[in-house]
Amino acid sequence: MGENNEKKMTAKEKREIIMRTLKAVNAADKGFVARDTLKYCIDLSGEFISIYLSALVIDGIAQSKSIETLLLYAAIAVGIQAMLSVIQRFLFRRKDSHSFTKSSNLQKNLWQKVMTMDYVHLESTDTQNQFANAQRQPDNNNAGIGAVCNYFKFTIGGLFMVITGVMLIIPTAFRKPTVTAGFDGFIQSIWGFITVAVITAVLELIKSLVISPKGILGFEEIHNDKNVIQAGRADNFFNQYVLKNYRNGKEIRMYSQQMLIEKELDKAQKTVFEGWFKGYKKAMLPSFIFQLVTILTKVLMYGFAVMRAASGMLTPGEVIAFAMYFEQISAGVSEISDGYGMMKITPTFCKQYFDFLDIPDEKYKGTIPTEKRNDNEYEFEFKHVYFKYPGSEEYVLKDINLKWRIGEKMALVGKNGCGKSTLVKLLCRLYDPTEGEITLNGIDIKKYKYEEYMTLFSVVFQDSKLFSFSLAENVAADTDYDSERVQDCVIRSGLGDRLITMENGIETYLYKDFDELGIEISGGEAQKLCLARAIYKGSPFIVLDEPTAALDPISEYDIYTKFNGIVGTRTAIYISHRLSSCRFCDDITVLDSGSIAERGTHNELISSGGIYSAMWTAQSEYYKDTAGELFK
């Protein structure tokens, strides 16, 4: 089931990814890794102090020391722990806040990429899968960015544990033996200690460098399985968009879509479950061996301490301290080797985050500023433009030659799928031509500064979206806006009567996602608000993709009769298959199968008896028949 065709990373590439990850975390929240590591080392200091003082108390009891001495030991232990706790609370009082900031800013990098990357990439399924993978990594504490932070912390902590443990265990490890011959003599000798230490270290290294990575690699395969990624996206889509969006409730009930959703959701969840179950199965044996080696290590350490105590080399307190110091040293070795071993695996996951951020913007973004002309004398021209979607061999547009000037009212008509919307997306540089060029005042539009060029257009797409912000923020597309201008644009778009009924006016929130007093708006009202947004932007070129598709006939007539007042002197392009909306346009271009079939005024095209005339006749007959049925 798995698909993992990524080439293996070299050791150098892995080191570079780890360094880039640590830099990205530091950029997301300055000093996060250092603070987290320091806190961990302070925690470990408390453990060593507790072991040392506990040993003193046990020996004090065994040696029948006075109650005052024992109470002093206990008071010192409690006092030091309290002091460490105060230090931690003071130094790390904002730990949760820093963790949230780190994760939020790492996710923010992804969202900024989504909002600025080439639109052609955004439509790709592969890109969506890459995005889904990248989103998991900031909080992936097993093998992603979160894991790199943890393993760095644990590696430094491991060094601290080994150094501190060795310093504390040396006085008992190098104590003069009571017996020098036989097995007891070996146990009491420094060579016995070194032998046990080496065996323990080797076992810990085997756990960290061999056993643990084998368990993780099974999950790595699942993380890169395209079927599991796609199913995970589907599961998230149904849970987050379909089921948690109350606006979908009407359709689900009216069309009894419960079974459809349930089947698709079950199918997605089954694929995810089977994928991860496969990963768990691969990790089961390594996990069992890991636990077995851990038990063996503890038996070895505690057995060695007990045998030394039985020979009279250690006091009762020292037995406990010796075993626990030994365990701390062993754990430190384990954390160092864990960190080393996992640092060989985590770059593969972290790379998924950076691979998404590194998706190149293939669109050339020029350097020439667009002219700020007071006379709005802009002229666009398509010169032998061809276009096909990435990965497709079929051209959507073929040899398009068009010229438009500011101030004209033009229509782009044709059957569904003939390339009307694609042509406009090329004009707006959401796509670039596969062949040919588009010019503005004689200069290839690719040479203009991309952000400046985009300001020339206000577009109302057929599927334009509004968000759960205030009405004013939706119209202005900003939190800082001119209230009077927003209100004027809303009225000009034909939504003035509805605005009067809103208690909070333009401050009224759309929908109820974030405000109980938010309003629900119809499809027609939403389209009018999108038109108001286009008017507010004030661009010299306005594109309306099926602008009246969701409007009732009265509202449609109202928009047409007031059209010159709405658009003013700006160029307007209508994309439509309803030819009734084209009669008032200066120029009509008819597309058919990706090519220009006809061009002219309404009367000229009707007279020519071509495609436009045939479409007009068919639609006028429909309107006539429908009207006859409605008004019998």
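**A nonpolar surface patch, a bent helix and an open sheet**

In this predicted model, a nonpolar patch on the surface is formed by Phe183, Phe186, Trp191, Ile194, Val198, Val202, Leu205, Ile206, Leu209, Val210, Met307 and Tyr340, which together have about 1,100 Å² of accessible area. Helix 9 (190–223) supplies the largest share of this patch, with eight residues. Helix 8 (182–188), like helix 9, contributes at least two residues. A general point helps in reading such a list: an α-helix has 3.6 residues a turn, so residues three or four places apart point the same way.

Met307, a member of the patch, is found in helix 12. Its relative accessibility is 37%, and Met307 therefore counts as partly exposed, since that class lies between the cut-offs of 20% for buried and 50% for exposed.

Helix 12 deserves a look of its own. This helix spans residues 258–310 and bends by about 35° at Met284. A proline, Pro286, follows the bend within four residues. Just after helix 12 comes Gly312, whose phi is positive, at about 85°.

Elsewhere in the chain, four strands form an open sheet. Their order is 2-1-4-5, and the pairing is antiparallel. The edges are strand 2 (397–405) and strand 5 (443–444), each of which pairs on one side only. In general, the strands of a sheet pair through backbone hydrogen bonds, in either a parallel or an antiparallel manner. Strand 1, covering residues 379–387, runs antiparallel to strand 2, and six bridges join the two. Within this pair, Glu379 stands opposite Arg405 of strand 2.

The backbone angles of two further residues are worth a pause. Most residues other than glycine have a negative phi. Arg429, however, has a positive phi near 65°. This arginine is found in the loop that links helix 15 (420–427) to strand 4 (435–440). Arg429 counts as buried because its relative accessibility is 0%.

Tyr511 is likewise a residue other than glycine with a positive phi, here near 70°. The loop that holds Tyr511 lies between helix 18 (483–501) and helix 19 (523–537). With a relative accessible area of 11%, Tyr511 is buried, because the cut-off for that class is under 20%.

Definitions and conventions:
Residues are numbered from 1 along each chain as its sequence is written. This is a predicted model: local features need pLDDT of at least 70, side-chain atom pairs count only at pLDDT 80 or more; totals for chains, interfaces and linings use all residues. Side-chain values use heavy atoms; hydrogens and water are left out. The bend at a residue is the angle between axes fitted to the seven residues ending there and the seven starting there. Two strands pair if DSSP finds at least two bridges between them. Patches are made of residues with over 30% relative accessible area and no salt bridge: like charges are joined within 9 Å, nonpolar side chains (Val, Leu, Ile, Met, Phe, Trp, Tyr) within 5 Å. Accessible areas come from the Shrake-Rupley method with a 1.4 Å probe; for residues, only the protein chains shown count as cover. A salt bridge is a side-chain nitrogen of Lys or Arg within 4 Å of a carboxyl oxygen of Asp or Glu. Buried means under 20% relative accessible area, exposed over 50%, partly exposed in between (1.4 Å probe, protein chains only).
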